[in-house]
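Me: Please take a close look at one part of this model. I would like the salt bridges and their setting, then the pocket beside them in your account.

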Amino acid sequence: MIKLIRNLFNDDKLLKENPILSLLIFTPAGIISSLLSVPFMVLSFPFLIFKKQTQVILMRFLLFIQHSLSLGGLYVIEEIIFKDFQFYDIIIGSCIASISFRKSIKSMVEETLIKTFK
């Protein structure tokens, strides 16, 4: 069992490539990320006055937050359904997601940056 869990969070492969996790976690996170893209796009408009290198750094930061929020959204939904929801649950869920899915979030951010700034 420990070997299965260690292989699941192995840095050699992305968690997004696992079909079970892709269906259970990344599909709902994709929907949440799509909804979050509008406010984060509005937040990124003021950064257009900066140089391209600064824009890339700021966009990388905003995309990392967006993907962390979307992957942590399942934790927030669980808190809403089964317990009382507090606003700090969003921060806790995002922190858990950014630690657990670090490599997957990093690859999604890099993929988006390549598509945006190419």
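Reply: Start with Glu-111 and Lys-115. Both sit in helix 5, 4 residues apart, about one turn of the helix. Their side chains form a salt bridge, at 3.3 Å from N to O. This is a predicted model. Lys-115 is exposed, at 64% relative accessible area. Glu-111 has 39% relative accessibility and so counts as partly exposed, since exposed means over 50%.

The count of salt bridges comes to 2. The other pair is Glu-110 with Arg-60, where the closest N and O atoms are 3.1 Å apart. This pair links distant parts of the chain: Glu-110 belongs to helix 5, Arg-60 to helix 3, and 50 residues separate them. Glu-110 is partly exposed, with a relative accessible area of 31%. Arg-60 is partly exposed too, at 34%.

Now the helix itself. Helix 5 has 16 residues, which should span 22 Å at 1.5 Å a residue; its end C-alpha atoms are 22 Å apart, so the two values agree. Its buried residues are Ser-104, Ile-105, Met-108, Val-109, Leu-113 and Phe-117.

Helix 5 also contributes to a pocket. The largest pocket has a volume of about 190 Å³. Helix 2 (19-44), helix 3 (52-82) and helix 5 (102-117) each give two or more residues to its lining. Among the lining residues are Ser-33, Phe-40, Met-59, Gln-66, His-67, Thr-112 and Thr-116. By type, the lining divides into 5 nonpolar and 7 polar residues, with no charged ones.

Methods
Residues numbered from 1 in each chain as written. Predicted model: local features only at pLDDT ≥ 70, side-chain atom pairs only at ≥ 80, totals over all residues. Heavy atoms only, no water. 1 Å grid on protein atoms, 1.4 Å probe; cavity = no way out; pocket = protein on both sides within 12 Å on 5 of 7 lines; lining within 4 Å. Points joined across faces, edges and corners; volume = space filled by probe spheres on them. Nonpolar A, V, L, I, M, F, W, Y, C, P; charged D, E, K, R; others polar. Expected span 1.5 Å × (residues − 1). Buried < 20%, exposed > 50% of the residue type's maximum accessible area, 1.4 Å probe, protein only. Salt bridge = Lys/Arg side-chain N within 4 Å of Asp/Glu carboxyl O.
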